[in-house]
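The following exchange examines one chain through a series of questions. Please consult the sequence and the structure as you read.

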Amino acid sequence: MKITPQCKMLLHPSVAKHMFTSLAACFPHEGCGLLAGSSPLATRYLPVRNISQNPRRSFEMDPRELVMALEAIGDAGLELFAFVHSHTKRSKNQVVPSALDLQYEKTLTLKSVHIIVSWVYLDLLRPIALGWHYPGTPIRLETAQHGSS
Ligand SMILES: [Zn+2]
């Protein structure tokens, strides 16, 4: 499976909607999943269960579901674009990776872009998303309008 960390990633509206609703459904826990597609368009969001002991403050992807999601991406001939997780606390550093995030990232054998989706405004139509490159350089992520329908 090809891994393509995307600095400029376009989200198909239906993918953005799937990602945001799936993450919102995890609230007040952090949600997580993978974005995949064919460069530069993300065409699939694959939710993965958060098995963190403290899911309100951190995430840890269920290793079994993570492997299954990666296999599904490979089987579909897609590229892994990014690891995604949500932040649910109201703070101005919502889209900054936490110390736990950076720790978790080091345990992953696959290195890719990480995207944080923030619910600081708890507004489903206007989530803030930001990505960062391993090992922690912030990047701006272009999120295409996902429409209001
Ligand atoms: Zn985090």
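The questions below concern fold order, the nonpolar core and individual residues.

This is a predicted model, in which local features need pLDDT of at least 70 and side-chain atom pairs count only at pLDDT 80 or more, while totals for chains, interfaces and linings use all residues. Residues are numbered from 1 along each chain as its sequence is written.

Q: In what order do the elements of the chain run from the N terminus on?
A: Helices (H or I, at least four residues) and strands (E, at least two) are DSSP runs, numbered from the N terminus. The chain has three helices and seven strands. From the N terminus on, their order is β-α-β-β-α-β-α-β-β-β.

Q: Which element gives the most to the largest nonpolar core?
A: A nonpolar core is a set of buried Ala, Val, Leu, Ile, Met, Phe, Trp, Tyr and Cys residues joined through C-beta atoms within 7 Å. The largest one has 30 residues, and Leu34, Leu35, Ala36 and Val84 have the most contacts inside it. At least two residues of this core come from each of α1 (13–26), β2 (32–38), β3 (41–48), α2 (63–75), β4 (79–87) and β5 (113–118). With six residues, the element that gives the most to this core is α1.

Q: Is alanine 36 buried or exposed?
A: A residue is buried if 20 or more other C-beta atoms lie within 10 Å of its own, exposed if 12 or fewer, and partly exposed in between, with C-beta atoms placed from the backbone. Alanine 36 is found in strand β2. Because 26 other C-beta atoms lie within 10 Å, alanine 36 is buried.

Q: Which residues does valine 84 touch, not counting residues up to four places away in sequence?
A: Two residues are in contact if their C-beta atoms, placed from the backbone, lie within 7 Å. Leaving out residues up to four places away in sequence, valine 84 touches Met19, Cys32, Gly33, Leu34, Leu35, Ile115 and Val117.

Q: Why does aspartate 62 count as partly exposed?
A: Aspartate 62 is found in the loop between β3 and α2. Beyond its neighbours within four places in sequence, aspartate 62 is in contact with Val48, Arg49 and Ile51. Aspartate 62 is partly exposed because the number of other C-beta atoms within 10 Å is 15.

Q: What distance separates the C-alpha atoms of aspartate 62 and valine 48?
A: Aspartate 62 and valine 48 are 14 residues apart along the chain. Val48 is also one of the contacts of aspartate 62. Their C-alpha atoms are separated by 6.6 Å.
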